[in-house]
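Hi,

Here is the structure I promised you. Have a look first, and my notes follow below.

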Amino acid sequence: MTGDVLLTGDTRHKNALMTLEGLTKAYPGVVANDQVSFSLLPGEVHALLGENGAGKSTLVKMIYGLVKPDAGQMTLNDAPFSPVNPAAARASGVAMVFQHFSLFEALSVAENIALGMDNPPSTRELASRIREVSQAYGLPLDPDRIVGDLSAGERQRVEIIRCLLQNPKLLIMDEPTSVLTPQEVEILFKTLRKLTSEGTSILYISHKLEEIRSLCEHATILRHGVVVDTCDPREKSARELAELMVGDKLHVPTREAAEPGAVALSLSGVSMPSPSEFGTDLRNVTLEVRKGEVLGIGGVAGNGQDELLAVMSGEARAREGSITLAGDEIGTLPPGARRARGLLTAPEERLGHSAAPEMSLTENALLTGAVREKLVDRGFLRWNKTEKFARRIIEAFDVRTPGPDNAAGSLSGGNLQKFVIGREVLQDPDVLVVNQPTWGVDAAAAAAIRQSLLDLAQKGAAVIVISQDLDELMEISDRFTALNEGRLARPVPTQGLSVEEIGLMMGGAEGDEVAA
Amino acid sequence: MDLGQINPILLLASLMVAATPILLAAIGEAVVEKSGVLNLGVEGMMITGAVVGFAIGVNTGAPSIGFVAAAFAGAALSMLFGVLVLYLKSNQVATGLGLTLFGLGLSALIGKPFEGIKAPTMAKYEVPLLSDIPALGPILFRHDPMVYVSLIIVALTWYVLARTRAGLILRGVGENHDAAHALGYKVIRVRLMAIAFGGACAGLGGAYISLVRVPQWVEGMTAGAGWIALAIVVFASWRPWRVLLGAYLFGGISVLQLNLQAAGVAIPVEVLAMSPYLITILVLVVISLRGNHGAPGSLGREFHATH
C-alpha cells in the first residue's frame with residue numbers, strides 16, 4: 001500500500017503541471033507551512049483539505065505570489081516558479097478565486113474584471129469578450145451591471161470570468177461554494193468540469209466534504225501546516241476525510257427524539273424595511289417555533305438573515321402584536337427587555353456585532369449576561385461574579401484562551417464563536433436565535449457548537465438556527481425553511497427533505513409547490 | 001435699496017473668481033477621498049499654499065512662480081499627512097485636524113513679514129475672438145489663467161477617473177483596499193500619489209486667494225474655505241462635474257450676497273452672510289437625495305497589508 005502511494009507519487013511528479021517542494025513559511029509564533037510538498041497534474045481537480053489554521057490559505061497565497069515562502073521551491077511546467085507578486089503569477093497562468101470575494105461593489109462588472117487583468121483590452125472589446133466567455137461557460141453575465149446589485153452567485157461568476165479571460169493553466173479556488181445555492185453549485189461544477197476537460201488544473205479548497213468527494217480526484221490533507229496524508233476523496237467517506245483532517249475521531253452531534261412542546265416564539269406577518277443600504281427588506285415573515293424544537297432557516301447570504309435576526313433580537317422593532325414570546329407581545333420591546341424575558345440571540349458577525357473585539361472576555365460576558373446573570377447591582381458592575389461567569393463559559397465550551405482577561409479579538413474565530421454561543425446557552429434561554437453559528441469554524445469546534453444547541457433544545461428551549469450551511473441544518477434541525485429576498489418559505493419537516501426541494505425553497509419557489 | 005446697481009455680467013464674471021479657490025481644493029480632495037483617504041487638513045494646506053504662493057510671488061514678482069511654489073508647498077504638507085496616516089497608521093480624522101491647525105500656525109509664522117504688501121498682479125488672459133462675444137465674453141473668457149487651469153484640472157480629473165486605467169485603479173483602491181491589495185495593486189503608493197495631488201490642488205486654491213482674489217496676505221485669510229471644499233466633495237457625491245457645480249454655486253451666492261448687502265436689501269446681513277453655505281448645501285443635498293451617492297467603500301478605513 002505504502003509502496004503504491006510512493007509510486008503514484010513519483011509518476012505524479014514526473015507528469016506534473018506544478019510541483020511544490022518543501023515549502024515553508026513561518027510567522028512570529030507559528031509555522032503556517034512546514035515542508036509542504038505535492039504535485040498537481042494537468043486537468044486535475046486537486047483538493048486541499050484541512051481545518052482552520054492548517055495553513056491552506058498561506059499555501060495558496062504563496063502560489064499566487066501574495067506571500068513569499070521562507071524556504072522551498074515550486075515548479076510550473078518543469079521550470080522554476082517563484083512569483084514575486086500576483087501579477088507575475090497571473091502572467092505565468094495561475095489565477096485565483098478568493099474566499100471573501102475580492103470585488104469592488106461600486107464598480108461595474110467590466111471594471112471589476114479589468115482590474116483583475118494586467119493588460120485589459122478597451123472597454124468595448126472587454127465587454128464583448130465577457131459576454132462571449134460567460135456564454136461559452138454557461139455563466140451569463142452583463143458587463144455593465146454594478147457588482148453591488150448582483151447576487152452572491154453572480155458575484156462569483158465575475159471572479160471566475162475574470163480568471164478565465166486569462167486562460168489560466170491553474171485555477172485556485174478558496175471556498176467557492178460557501179455562499180451558493182445547490183443549483184448554483186451545480187452550475188459551478190459543470191463549468192469546472194468543462195475547464196478540466198480543456199486541460200486546466202484546479203486547486204480546490206473547501207470545508208464541504210461531500211462536494212470534494214463529487215468533484216476532486218486527488219486530495220492533499222494539511223494539519224498544523226504539515227502534509228499528513230494524500231488520498232483519492234472519491235474512495236473515502238466524508239466522515240473519513242473529516243477524521244483525516246482532525247486527526248481524531250469525529251464526534252457527530254446527537255440527541256434523543258422528543259415531542260415539541262408549546263409555542264415559544266411566534267412571528268406573524270413581520271415586514272420591515274432594511275436599515276442598511278445594501279440590505280434586504282423583510283416581507284411578511286411568519287414563523288413559529290416550539291419548545292424543544294430546532295428550526296433551521298437556510299438561504300443564501302443577503303436574503304434578509306441579518307434583518308430577521310435584528311427583528312427578533314429587538315435591534316429593530318416590529319409592529320405591535322406581530323411578535324409574541326410565550327404568548328406575550330414583545331414586538332416593540334428593546335433588546336434588554338427581550339433578554340430579560342428569555343429570548344437570547346447571537347448574531348453572525350463575531351467581531352463587532354456579537355462580541356466587542358477590543359474588550360476582554362469578562363467584559364464581553366457582561367455585555368449580554370448582565371440582566372439574566374444579575375451581574376449589575378444598583379448600577380454597579382459585579383466584576384467578580386462576571387469573571388466567574390466568563391470562566392464558566394470558557395470551561396464549559398472548551399474555549400482555548402489564556403484567561404478571561406484576554407481581548408475577544410485575540411481569540412481564533414472558532415474559539416470566539418464557542419465563547420459567543422456558550423455565553424448565550426449558559427444563560428438558560430427559553431428561545432435562542434443564532435445566525436451562522438459555525439461560519440469559518442473548523443469541524444471539531446463546529447460539532448461541539450452544534451451539540452450544545454441540541455442539548456439546549458433537549459432541555460426544552462426553542463432554538464432557531466439561521467445558517468448557509470445546509471449540511472449543518474440537515475444535521476440538527478427538526479424543521480427547515482429558507483429565506484429568499486426577505487420572504488420566508490413555509491417550514492417543512494427536515495426529515496426526508498431532498499436537495500432539490502431545499503434548492504427550490506432557497507430559490508424562492510412557493511412552499512406549496514415544494515410540499516407537493 | 002437699489003438692485004439696479006448690480007451688474008449681472010460683472011456678477012457672473014466675479015462668480016468664477018470667487019469659486020476658483022474652493023473648486024481647486026475640492027477637486028483635489030475629491031481625488032484623495034476617491035482613493036479612500038479622508039484628509040481633513042484641506043484648510044491647513046490651503047493657507048500654507050496661500051502664504052508660500054504669496055511670498056514667492058512677491059519675491060520673484062511673478063505670480064505664476066508663486067502658484068507653482070504653492071502647489072509644491074501644499075503637496076509637501078500633505079506628504080506629512082500621508083506618511084503619518086499610511087505608514088505610521090495614525091488616525092485619519094485626528095491627523096487631518098492636526099494638519100489644519102499646523103498649517104494655520106505655520107502660515108502665520110511665515111506670513112508675518114509679508115503683511116500689508118500688495119501682490120503682483122496677474123495679467124488677465126483674454127481668449128482670442130471668444131472674449132469679444134457680447135455678454136458671454138466678459139463672463140467666460142476674460143479671466144486670469146488660473147481660472148482656466150482650474151477648469152482644465154476638473155476636466156482632466158473627470159477624464160482620468162472615468163476613462164483611464166490609472167483612474168480605475170484609484171477607484172478600486174478607494175472602494176475596497178483589501179481586494180485591490182489581493183489583486184496586487186500598491187494601495188499605499190496609489191494613496192500617497194492621490195494625497196500629493198490633493199495637497200497640490202489645495203495649495204493652488206490657497207494661493208489663488210492670496211495672489212488674485214484678495215490680493216494680499218492676511219493671517220487666517222482662507223477663512224474656512226477648506227471646510228466648504230470638504231463639504232462640497234461629500235454633497236457632490238465625489239463626482240468632478242458636481243464638484244464644479246457646487247463650487248460655482250457657492251461662489252455665485254457669495255458674490256451675490258455681497259452685492260445685495262451693498263445694495264442695501266432689507267434682509268439682515270447675518271442671513272445674507274450665511275446664505276451661500278445654506279443654499280449650496282441644500283441644493284447639493286437635493287441632488288444627492290436621488291440615485292446612488294456612494295461614498296468610496298474604504299473611505300477613512302485603516303489599511304493593514306496582512307502580509
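Let's begin with a helix pair: H2(B) passes H3(B) in a right-handed crossing, meaning the near helix is turned clockwise from the far one by less than a right angle. Helices here are DSSP runs (H or I, at least four residues), numbered from the N terminus. The two axes, lines fitted to C-alpha atoms over the stretch in contact, come within 7 Å and cross at roughly 145°; angles run from 0 to 180 degrees between N-to-C directions. Among the residues making the contact (C-beta atoms, placed from the backbone, within 7 Å) are B:Gly49, B:Val52 and B:Gly53 of H2(B) and B:Ala70 and B:Gly74 of H3(B). By class, that contact has 11 nonpolar, nine polar and no charged residues; Ala, Val, Leu, Ile, Met, Phe, Trp, Tyr, Cys and Pro count as nonpolar, Asp, Glu, Lys and Arg as charged, and the others, Gly among them, as polar.

A caveat: this is a predicted model, so local features need pLDDT of at least 70 and side-chain atom pairs 80 or more, while totals for chains, interfaces and linings use all residues. Residues are numbered from 1 along each chain as its sequence is written, and chains are lettered from A and ligands numbered from 1 in the order written.

Next, H10(B), residues 225-235: nine of its 11 residues are buried (20 or more other C-beta atoms within 10 Å of their own). Their cover includes H1, H2 and H4 of chain B.

Finally, 13 residues of chain B are in contact with 17 of chain A. H7(B) gives the largest share of chain B's side, five residues.

Cheers

How values were computed. Buried ≥ 20, exposed ≤ 12 C-beta atoms within 10 Å, placed from the backbone. Helix = DSSP H or I, 4+ residues; strand = E, 2+ residues; numbered from the N terminus. Contact = placed C-beta atoms within 7 Å.
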